Amino acid sequence: MIRVVVVDDEELVRTGFRLILQAAGDIEVVATPTGAQAVREVSLHKPDVVLLDIRMPDVDGLTVLRRLRGLKNPPVVAMLTTFDSDEYIAMALRSGAAGFIVKDTGPEQLAETVRALVVGGVVLSPKVTRTVVDGYLGSDASSAAEQLDRLSERERAVLVLIAEGMSNTDIGIHLHLSVGTVKDHVSAILTKLRVGSRVQAALVAQRAGLLEDGER
């Protein structure tokens with residue numbers, strides 16, 4: 001079972017997400033706290049994934065994110081937002097968010113999103129992708145292209161699959177590589193691009209037009 005904590009200031013949202021996710025069969029929502037209760041509940045229940053509202057009145061979502069990332073064994077955290085132009089999105093990315101989900105995401109897609117997060121996939125709701133790319137990387141695509149020049153051909157192929165949301169296991173199957181080799185490539189990619197997470201690497205690929213190029 002994938003253990004999930006949903007953090008939101010609205011009880012209706014928390015209840016709705018619990019019902020949707022638990023109906024999936026392989027997901028258990030172990031707690032649904034508000035922002036003020038989030039760190040305590042996450043420390044107590046030790047979930048695999050936290051879905052965290054980016055804007056809350058009691059405790060700011062970015063503050064909660066930073067506190068969660070500071071735990072000894074932090075969970076994967078994806079931000080929930082109702083805004084497709086939220087100025088907090090880029091800040092959350094820099095603070096270690098693993099993805100961004102719009103609250104009106106469909107039930108089946110929401111469950112798939114949680115499954116992707118738990119295996120290290122990149123999760124960017126289509127409605128917020130452009131906001132994230134522009135906010136994190138700015139409007140200059142040339143700098144992103146220069147970053148990609150540091151990668152080998154194989155690393156570029158791995159990066160495309162990271163940006164498509166694949167886990168290390170799926171990348172290995174697609175490229176006929178062992179999981180250990182994929183992990184080495186991912187580590188090298190993060191180092192060469194000077195980014196701290198897979199989602200940040202995926203955004204570099206998107207800004208540079210690597211996905212449009214269809215490179216493998």
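**Exercise 1. Strand β1 and its partners**

In what sense do β1 and strand β3 (residues 49-53) pair, and over how many bridges?

*Solution.* The model examined here is predicted, and the steps below read its computed geometry.

Step 1. Taking β1 together with β3, one finds that the two strands pair in the parallel sense, and that four bridges hold the pairing. Within this pairing, V7 has L52 of β3 as its bridge partner.

Step 2. Turning to strand β2 (residues 27-31), one finds that β1 is joined to β2 by four bridges and that these strands run parallel. Here R3 stands opposite E28 of β2.

Step 3. The connection can then be added: β1, helix α1 (residues 11-22) and β2 together make a β-α-β unit, and this unit is right-handed.

Step 4. Finally, consider how far β1, which spans residues 2-7, is covered: five of its six residues are buried, and the strand is accordingly described as mostly covered.

**Exercise 2. The packing of α2 and α3**

Determine how helix α2 (residues 35-45) and helix α3 (residues 61-69) are arranged with respect to each other, and describe the residues at which they meet.

*Solution.* Step 1. Two quantities are needed, since two packed helices are described by the angle between their axes and the distance between the axes.

Step 2. For α2 and α3 the angle is about 10 degrees, and the axes are 10 Å apart. Because angles under 35 degrees count as roughly parallel, α2 is roughly parallel to α3.

Step 3. The residues in contact are G35, A38, V39 and V42 on the side of α2, and V64, R67 and L68 on the side of α3. Sorted by class, this contact of α2 with α3 has five nonpolar residues, one polar residue and one charged residue.

**Exercise 3. A36 in helix α2**

Is A36 buried or exposed, and which residues does A36 contact beyond its neighbours within four places in sequence?

*Solution.* Step 1. A36 is found in helix α2, and its relative accessible area is 52%. Because exposed means over 50%, A36 is classed as exposed.

Step 2. Once the neighbours within four places in sequence are left aside, A36 is in contact with D58 and V59.

Step 3. A further separation can be read for D60, which lies 24 residues from A36 along the chain: the C-alpha atoms of A36 and D60 are 9.0 Å apart.

**Exercise 4. Two residues of helix α8**

Set out the exposure and the contacts of R154 and E155, both of which are located in helix α8.

*Solution.* Step 1. R154 lies in α8 and has a relative accessible area of 37%, which makes R154 partly exposed. E155, also placed in α8 (residues 153-163), has a relative accessible area of 7% and is therefore buried, the limit being under 20%.

Step 2. Not counting residues up to four places away in sequence, R154 touches L175, L177 and H185. With the same exclusion, E155 touches R150, H185, A188, I189 and K192. H185 thus appears in both lists.

Step 3. For R154 and H185, which are 31 residues apart along the chain, the C-alpha atoms are separated by 8.1 Å.

**Exercise 5. The whole chain**

How many helices and strands are there in the protein, and what percentage of its residues count as buried?

*Solution.* Step 1. There are 12 helices and six strands.

Step 2. The protein has 216 residues, of which 50% count as buried.

Step 3. Among contacts between residues at least 6 apart in sequence, 69% join residues at least 24 apart.

Key:
Residues are numbered from 1 along each chain as its sequence is written. This is a predicted model: local features need pLDDT of at least 70, side-chain atom pairs count only at pLDDT 80 or more; totals for chains, interfaces and linings use all residues. Side-chain values use heavy atoms; hydrogens and water are left out. Axes are lines fitted to C-alpha atoms, for helices over the stretch in contact, and angles run from 0 to 180 degrees between N-to-C directions. Angles under 35 degrees count as roughly parallel, over 145 as roughly antiparallel, 65 to 115 as roughly perpendicular and the rest as oblique. Contact means heavy atoms within 4.5 Å. Ala, Val, Leu, Ile, Met, Phe, Trp, Tyr, Cys and Pro count as nonpolar, Asp, Glu, Lys and Arg as charged, and the others, Gly among them, as polar. Buried means under 20% relative accessible area, exposed over 50%, partly exposed in between (1.4 Å probe, protein chains only). Two strands pair if DSSP finds at least two bridges between them. A crossover is right-handed if, with the strands pointing away from the viewer, the path from the first strand over the helix to the second runs clockwise.
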